[in-house]
Structures are given as structure tokens and as C-alpha cells.
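Let's take a look inside this one and see where empty space is left and how the interior is packed. Keep the model open as you read.

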Amino acid sequence: MDAECPDLPPDSSPKVASGASPEVSGWRGERGEPSLAGMFASVKTAKQGPFWRKLLAFLGPGYLVAVGYMDPGNWATSLAGGSKFGYALLSIALLSNVMAIVLQSLCTRLGVGAGRDLAQACRDSFPRWVSLPLWLSAEVAITATDLAEVIGTAIGLNLLFHIPLEIGVIITAADVFLILALQAFGFRWIEAFVVAMLGVIAACFAVQIALADPDWAAVVKGFAPTSDIFANREMLYLSLGILGATVMPHNLYLHSGLVQTRGYGTGNDEKREAITLATIDTSIALCLALTINASILILAAATFHRAGRTDVAELDRAHAFLSPLLGSTLAPTLFAIALLCCGLNSTITATLSGQIVMEGFLNLRIAPWLRRLVTRMIAIVPAVVVTAWAGEKATGQLLILSQVVLGLQLPFAVVPLVMFTASRRKMGPFVAPRWLTVLAILTAAVIIALNAKLVWDYASG
């Protein structure tokens, strides 16, 4: 199927996208109203002045995207990798971060250069019989993301306040009011909250690592690739898990919409500068995500692996073992606080991505609180039922299931993104350079293949 213009006769030409360059004619129609319309171009940018002042105005969206790279699914793979193989898999965490930066940079290019988020781009490129299944796929991915954050938040509440998991799952529904309160103050307040929570998470792990006193020479060595990963099948399998859990489908929709909250102007030079600044923002934020993910792995290596506990992969077990291994009750408390903050942050990003997906694919606008409540209930009901029926251990299986569902949905977001940004007819002067497209194709192929393996392993038991 031709993604450029699937159902148009050869002699016809689609309308030029609103606000796009005249030479861009690869879309089936005009863009229409942007998603997150109330926040569109609401953050002022510096047209003149030093580079750091311009960059400051663009800092923010990348940190919301970074939240998706440190969800409870990532925690589980990092804990398992560190406890089993020490610091050896830090190189895989670094590689996965580079791959994430490549794909998220394409989201920035699509949002700024084409003036569309990924959902709008799919709607304006494909016929409805293609775009509607893509919308359903995106909604399933967001529900799976919501399920993971529900479980992570509930575990955090249980570890901190000993609230039963089934009750904690229900309490997470109250985060609807948090979103409403932040949106009332403006988008910068949402960004500030997310950055503050990331700061708390980073501080918690900094203290825990200081208490664990890791072998820093081994940490540095762990970032260098080693052939042992390919020689040891179990190490290779965990490496695939870390790489496969890298990109989450909702992040691609989210980022391509969030970059449009900046008022960067309509000129080509202004857009080029906006793409550069937004890409820098993303790179900095994802480096922070790498730091936190690496911290989880380092903590597991310096405590569980060093003590001979090589089978720790579950969040509650990690929390229970930290105190006796480190001789401090502070470490497990900080671990639980970081997990709870991670869950709260994920709440915000899932809400915004859900709004972008629904508005972009369907051009349907409903109250954010209503949409959030519906998706939250879809995630909460199975979590409560399974937890009450099968007990606390079932939450770990639900967490794995959510990652499998995300793996199934990933190709339906990654492939269109790479196709759109590689098309000169759609992107005009903002088309991705050939080297970036090739790198993105390789990255997408690796991540999709690894997620397919995860799904196959789960299906085959």
C-alpha cells in the first residue's frame, strides 16, 4: 500500500497541510486543529538572545517522554540483569538509550516539520480502513501502559503504607484529580511536576547507591560491550529483554504532540532551530532516564549479586532484601518512594498520550477527565480482580502481560513514524537525512524483532 497517498488517482494532488511549506503535498488533506489545542504553542520561546536562553524554553517535553523509559517493566529487567550478572549489562542499557534517542528525534521532526503528531499523520496518510485499526492498536497500548502504572503505583503504596494491593489499585483512580489540577495551571506546571518527581527518583537512587558502595571500576567497565553477552544464553536473553522494553508505543504519539506546545513560529528557519533545540532537550532527558535505569542495575549488582542472590527480579522482593543487605531501613523506603513517584509520573504521560491519540485519529474531543476515567477503569478492573483472586504474585504476571501487549502494538507506531519522516513529499525540507533514516530502520527492526521474541516466549510458556 502506498502510504504517500493510498487512494488518490495519479493525476490528483492532496491539499497542502495547514502551516506547512508549499512544496509539501504528500498529505491527503489539511492538518486541521492540532491536538492538545488548549496547550498548542502556549509556551513562549526566545526568538533572540543566547543559545542557552533559547534552549531553556524547549526544555520540558523530553522529560515527559523520559518517564516512559523508566516504567515498572524497565525496573524489572534492570533488577534481573543486575542481580544475575552484576554490571555486565550496563552496555545494553546504554545501547537501548541510543536507540531511543534515534526514534524520539524522528518524533520531534514529524511534530515540528510536518505540523502533525503521529496520530494526525496516520489519519491524513491512510484510508479509514487502515487508520481506524491503528487507532485501536494505540488505545490498547495506552491501556497496557495504564495497567503497568496502576500496578507500580499500588506496589509503591503497599511498600510504603502497607495498603493492600487491591485497595491501592482503587486508590490510583484518584490521580484523575491530580491531572485536572495541573492542567488548570498550564503546561509548564505539568512539566515542572514531572521534573520534580524525576528529581526525587534520582535523589532516592543516589542515596541507595551511596549506601551500597558499588565497585566503580567495574561500573565503568560494564558500559563497554563484551562478547560474554553472546556466549552466555541467559545473559543474552536478559539483554534482549532490556532492549525490547526500550521504546513504548504511546511515547511516539506523545512526543510528536508535545513538541507543538512551543510557540516556535512558522518559518523554515524557525522550525529548523526548533527541531535542533527539541532534539537536544530529548537527548538530555533520555540521558537522565539512562542514569536512573543504570542506577537500578548498579544497585542490584552491588547488593543482590554481591550477596549471591542472583534471582531477584520482582519489585517487592527487591524492597524486602535491601534492608538486611545494606544494614539500613532507609534504602527500602527510598526504593518505594521512587517507585511511587514513577507511577505518578506515568499517570500524566498516559493521560496526555491518550488525549493526543483520540484527537489525532478521530478528531474527537471529549473532556480529558472523562477519557482518563474510562481508560483508568479499564486498567483498574482487571488489576483488582486478578489481585483479589490470585494474590500479590499475580501482579508480577500482569506486569509481564502489559509488556507483551506493548510489544505487539509497537510495529504499528514505529513503522509509520519511520515512513513519514523519510518521505520528502510529506516532510519537504524537514525530511530526515538518509543516515538518520537508515539508523532508524535498523533500530526499529531490532526493537520489533526483540519484542516479537518476547511475545513468542510468553505465548510458548
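## The largest cavity

Helix 3 (72-85), helix 4 (90-113) and helix 14 (268-305) each put at least two residues into the lining of the largest cavity, and helix 4 gives the most, with four residues. Helices here are DSSP runs of H or I with at least four residues, numbered from the N terminus. This is a predicted model, so bear in mind that local features need pLDDT of at least 70 and side-chain atom pairs count only at pLDDT 80 or more, while totals for chains, interfaces and linings use all residues. Residues are numbered from 1 along each chain as its sequence is written, and side-chain values use heavy atoms, with hydrogens and water left out.

The volume comes to about 150 Å³. Of the 14 lining residues, Tyr69, Asn74, Ser96, Ile242 and Asn293 sit closest to the centre. A cavity is a set of points on a 1 Å grid over the protein atoms alone where a 1.4 Å probe fits but cannot get out, and lining residues have an atom within 4 Å of a point. Grid points are joined across faces, edges and corners, and the volume is the space filled by probe spheres set on them. The lining splits into seven nonpolar, seven polar and no charged residues; Ala, Val, Leu, Ile, Met, Phe, Trp, Tyr, Cys and Pro count as nonpolar, Asp, Glu, Lys and Arg as charged, and the others, Gly among them, as polar.

## The second largest cavity

The whole structure holds five cavities of 30 Å³ or more, and the second largest has about 60 Å³ of space. Its lining includes Val67, Asp71, Glu149, His250 and Thr349. Helix 6 (128-161) and helix 16 (330-362) are the elements giving two or more residues, with helix 6 supplying the largest share, three. Here the split is four nonpolar, five polar and two charged.

## Cores and a buried helix

The largest nonpolar core (buried Ala, Val, Leu, Ile, Met, Phe, Trp, Tyr and Cys joined through side-chain atoms within 4.5 Å) has 127 residues, and Trp75 and Leu352 touch the most other members. Helix 14 provides the largest share of this core, 17 residues. Beyond its neighbours within four places in sequence, Leu352 is in contact (heavy atoms within 4.5 Å) with residues including Leu36, Phe187 and Leu258. A second, separate core of five residues includes Ala141 and Met248.

Then there's helix 13 (residues 249-258): 10 of its 10 residues are buried, so the rest of the structure largely encloses it. Buried means under 20% relative accessible area with a 1.4 Å probe, protein chains only.

How values were computed
1 Å grid on protein atoms, 1.4 Å probe; cavity = no way out; pocket = protein on both sides within 12 Å on 5 of 7 lines; lining within 4 Å. Buried < 20%, exposed > 50% of the residue type's maximum accessible area, 1.4 Å probe, protein only.
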